Amino acid sequence: MKYADRAPWDEALAEMLSAPVIAFRTGQGVLPADHPLSVGLPVGHDLWRTCDAVLALGTRLQTQQMQWGVDDAMKIIHIDIDADEPGRINPPAVGLQADLADALPLLVSALDGKEADRPDWMETVREAKARFAAVYADKLAPQMGKDQILVMNLCGRGDKDVFTVGKILGYDL
């Protein structure tokens, strides 16, 4: 399943679980970058240590398991089309061999109507994104020319604000 075909299922699942989505390299675009639950690796790393469960879909989860670490309390559900992938690095709590074209609609259907409202977790994600936006700005600003502009979205409620400000200032971002 191509990411473009998979994206509506990933987005629905992320929203049902109030779960941030970390996409690495070829996974970029599986969730729109301006989605409140779309996070980059630095933010994902920051949130990782607070997770009690991870749903890994079509990923090796190599960076997370080998560099970020996994403790006994963290439960991983790992679904991959390659039967050898789940458990290659660490044994998951649940490892499934499945094509995501089949698995994602089934997961979304199974969770339909069972969603839990998690405003505290959503606020944690928003705060982490805003905190890292400030870190990025601190690193980038000194490298910029005097004729360049840096627009930063501190509210963490969507990067669309950045594009709106850019458009008002006459920039096509």
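The dialogue below asks how the labels on this predicted model are earned.

Biologist: What should I know before reading any residue number or value?

Modeller: Residues are numbered from 1 along each chain as its sequence is written, and side-chain values use heavy atoms, with hydrogens and water left out. This is a predicted model, so local features need pLDDT of at least 70 and side-chain atom pairs count only at pLDDT 80 or more, while totals for chains, interfaces and linings use all residues.

Biologist: What is the mean pLDDT of the protein?

Modeller: The term pLDDT is the predictor's confidence in each residue, from 0 to 100. The mean for the protein is 86, and 90% of its residues reach 70 or more. Among the elements, β5 has the highest mean, 97, and α6 the lowest, 70. Where pLDDT is low, the predicted coordinates should not be read in detail.

Biologist: How many helices and strands are there, and what makes a run count as one?

Modeller: Both are DSSP runs, numbered from the N terminus: helices are H or I with at least four residues, strands are E with at least two. The protein has 6 helices and 5 strands. From the N terminus, the order is α-β-β-α-β-α-β-β-α-α-α.

Biologist: Why is Trp 48 called buried or exposed?

Modeller: Buried means under 20% relative accessible area, exposed means over 50%, and partly exposed lies in between (1.4 Å probe, protein chains only). Trp 48 has 5%, so Trp 48 is buried. Trp 68 has 17%, so Trp 68 is buried too. Buried residues make up 31% of the 173 residues in the protein.

Biologist: And which label does Ala 83 get?

Modeller: Ala 83 has 54%, so the label is exposed. Ala 83 sits in the loop between β4 (75-80) and β5 (94-97). Ala 83 and Leu 96 are 13 residues apart in sequence, and their C-alpha atoms are 7.4 Å apart in space.

Biologist: How many aromatic pairs are there, and what makes two rings a pair?

Modeller: Rings of Phe, Tyr and Trp (its six-membered ring) pair if their centres lie within 6.5 Å; planes under 30 degrees apart count as stacked, over 60 as edge-to-face and the rest as tilted. The structure holds 2 such pairs. In one, Trp 48 and Trp 68 have centres 5.6 Å apart and planes at 70°, which makes the pair edge-to-face. This pair links distant parts of the chain: Trp 48 is in helix α2 (residues 41-48) and Trp 68 in helix α3 (residues 62-68), 20 residues apart.

Biologist: What kind of pair do Phe 132 and Tyr 136 form?

Modeller: Their centres are 6.4 Å apart and their planes are at 55°, so the pair is tilted. Both residues lie in helix α5 (residues 119-140), 4 residues apart, about one turn of the helix. Phe 132, at 17%, counts as buried. Tyr 136, at 38%, counts as partly exposed.

Biologist: How do you know that Arg 131 and Asp 46 form a salt bridge?

Modeller: A salt bridge is a side-chain nitrogen of Lys or Arg within 4 Å of a carboxyl oxygen of Asp or Glu. The closest N and O atoms of Arg 131 and Asp 46 are 2.4 Å apart, so the pair qualifies. Arg 131 lies in helix α5 and Asp 46 in helix α2, so the pair ties together parts that are 85 residues apart in sequence. Arg 131 is partly exposed at 42%, whereas Asp 46 is buried at 15%.

Biologist: Which residues meet Arg 88 in salt bridges?

Modeller: Asp 82 is one partner, with closest N and O atoms 3.6 Å apart. Glu 85 is another, at 3.1 Å from N to O. Arg 88 is partly exposed at 49%, and Asp 82 is partly exposed at 32%. Glu 85, at 5%, is buried. Salt bridges that share partners join Arg 60, Asp 82, Glu 85 and Arg 88 into one network. The whole structure has 6 salt bridges.
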